[in-house]
Amino acid sequence: MPALRIADDRQRDLILLRPPRRIVSLVPSDTLNVVALGAGDRLVGRTRYCDGPESVAVIGGTKDVDVDAVARLLPDLILGNQEENSRSHLEELARLGLPLFVSFPRTVAEGLSHLARLGKILDSDGRDLVRRGYTALREAEAELEKRRPLRAFVPIWMDPLMTVNGQTYMSDALRLGGGENVFAGRQRMYPLAADLGQAVPRPAGTRDTRYPRITLEEMVRSAPEIVLLPDEPHPFSDADAEVFRRALPAGARVVRCGGRDFSWYGAQSVEGVPRLRALIDSLR
């Protein structure tokens, strides 16, 4: 392929003279994307949370990347994510002059766009995979015109109880599945006590406000029809589910489910969006 100049989601230009052959993925979603695009044999580094390949070196987790280990692998492409990876690690990799590409999709459509962009970077024909993803997206959008969404609560942590607002990838995946995020308009307030109504909110500045900490009482007042408890990033248990069942009216449905369809962008959503639709339809 001719030299490629392409911008990541931080608007940093990456110039590639040839398709990368030594790839380090700091993001489970992108490890799956690389494999799905037929370039799994080019992976030389991954996180402990990625699904293989088992023969590939593990360079830590998403938040505790071993920068020196990454550098020793001599990568010609490092895939990072603004939200999943620690800023300090990404900045250190950039200071070392390593070829870092940072993604930050906040909707399912942006995740599919990233998948197409990655296919271009890898010089890999992912057109059929991307086409299937957009077909799933269009079908989900069309279905939203036909039936009322179910009011849904999806937590991401139990203690403290945390959820997502409407500016997150998870909320968009929920929407496409047929759920209405009851905390779509809720922003995280600082200090943390302000989220619980115990302090006066202060300006958030540049801090992320998309993941509010709430009380169980606030969740009950939001009147969800369904509560979906994903198994990541927090592994919600049967005991956690029982807490919500006791707090909510008898008609509310509380179910545990997989978390990847909610949060892994790109290739995961090709089958993930239809799975979310089937899950939420089963609760009607």
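## Cavity

A cavity is a set of grid points where a 1.4 Å probe fits but cannot get out. This is a predicted model. By that rule, and with a floor of 30 Å³ or more, the count comes to 1 cavity. The largest cavity holds about 60 Å³ of space.

Its lining is made up of A140, E143, L144, R147, L176, G177, G178, R277, D281 and R284. Three helices each supply at least two of these residues: α5 (127–144), α6 and α11 (268–281). Helix α5 gives the largest share, 3 residues. By class, the lining has 3 nonpolar, 2 polar and 5 charged residues.

## Largest pocket

The largest pocket contains about 1600 Å³ of space. It is lined by 45 residues. Nearest its centre lie K63, N81, E83, E84 and N85. The elements that give two or more residues to this lining are α3 (87–95), β7, β9 (155–157), α6 and α10 (260–263). Helix α3 makes the largest contribution, with 4 residues.

The pocket lining divides into 19 nonpolar, 11 polar and 15 charged residues. Helix α6 appears in both linings: it gives two or more residues to the pocket and at least two to the cavity.

## The five-stranded sheet

Strands of a sheet pair through backbone hydrogen bonds, either parallel or antiparallel. Here, an open sheet of 5 strands runs in the order β5-β4-β3-β6-β7, with parallel pairing. Its edge strands are β5 (57–58) and β7, and each pairs on one side only.

Strand β3 (residues 23–25) has β4 and β6 as partners. It pairs with β4 (residues 43–46) over 2 bridges, in the parallel sense. With β6 it pairs over 3 bridges, again parallel. V24 takes part on both sides: it stands opposite G45 in β4, and its bridge partner in β6 is I78. Further along the order, β6 and β7 (residues 100–103) run parallel and are joined by 4 bridges. One of the partnered positions is G80, whose bridge partner in β7 is V102.

## Strand β6 is enclosed

In a regular strand the side chains alternate between the two faces of the sheet. Both faces of β6 are covered. L77, L79 and N81 are buried on one side, and I78 and G80 are buried on the other. That makes 5 of the 5 residues of β6 (residues 77–81) buried, so the strand is largely enclosed by the rest of the structure. N81 also has a place in the pocket, as one of the lining residues nearest its centre.

## Strand β12 and its partners

Strand β12 is buried too. Its 5 residues, 5 of 5, all count as buried, so β12 is largely enclosed by the rest of the structure. I226, L228 and P230 are buried on one side, with V227 and L229 buried on the other.

Two strands pair with β12. Strand β8 (residues 150–153) does so in the parallel sense over 2 bridges, and F153 has V227 as its bridge partner in β12. Strand β13 (residues 253–257) pairs with β12 over 5 bridges, also parallel. There, C257 is the bridge partner of P230.

## L229 up close

L229 lies in β12 (residues 226–230). Is L229 buried or exposed? Its relative accessibility is 1%; buried means under 20%, so L229 counts as buried.

Leaving out residues up to four places away in sequence, L229 touches P155, F236, D240, A241, F244, V254, V255, R256 and C257. G251 is 22 residues from L229 in sequence, and the two are 17 Å apart in space, C-alpha to C-alpha.

## Nonpolar cores

The largest nonpolar core has 42 residues. Which of them touch the most other members? They are L26 and L228. Helix α6 (residues 169–177) supplies the largest share of this core, 5 residues. A second, separate core has 21 residues, including I6, L14, L37 and V270.

L228 is on the β12 side that also holds I226 and P230. Neighbours within four places in sequence aside, L228 is in contact with F153, V154, P155, L174, V255, C257, F262, L279, I280 and L283. P155, V255 and C257 are also among the contacts of L229.

Methods: Residues are numbered from 1 along each chain as its sequence is written. This is a predicted model: local features need pLDDT of at least 70, side-chain atom pairs count only at pLDDT 80 or more; totals for chains, interfaces and linings use all residues. Side-chain values use heavy atoms; hydrogens and water are left out. A nonpolar core is a set of buried Ala, Val, Leu, Ile, Met, Phe, Trp, Tyr and Cys residues joined through side-chain atoms within 4.5 Å. Buried means under 20% relative accessible area, exposed over 50%, partly exposed in between (1.4 Å probe, protein chains only). Contact means heavy atoms within 4.5 Å. On a 1 Å grid over the protein atoms alone, a cavity is a set of points where a 1.4 Å probe fits but cannot get out, and a pocket is an open set with protein on both sides within 12 Å along at least five of seven lines; lining residues have an atom within 4 Å of a point. Grid points are joined across faces, edges and corners, and a volume is the space filled by probe spheres set on the points. Ala, Val, Leu, Ile, Met, Phe, Trp, Tyr, Cys and Pro count as nonpolar, Asp, Glu, Lys and Arg as charged, and the others, Gly among them, as polar. Two strands pair if DSSP finds at least two bridges between them.
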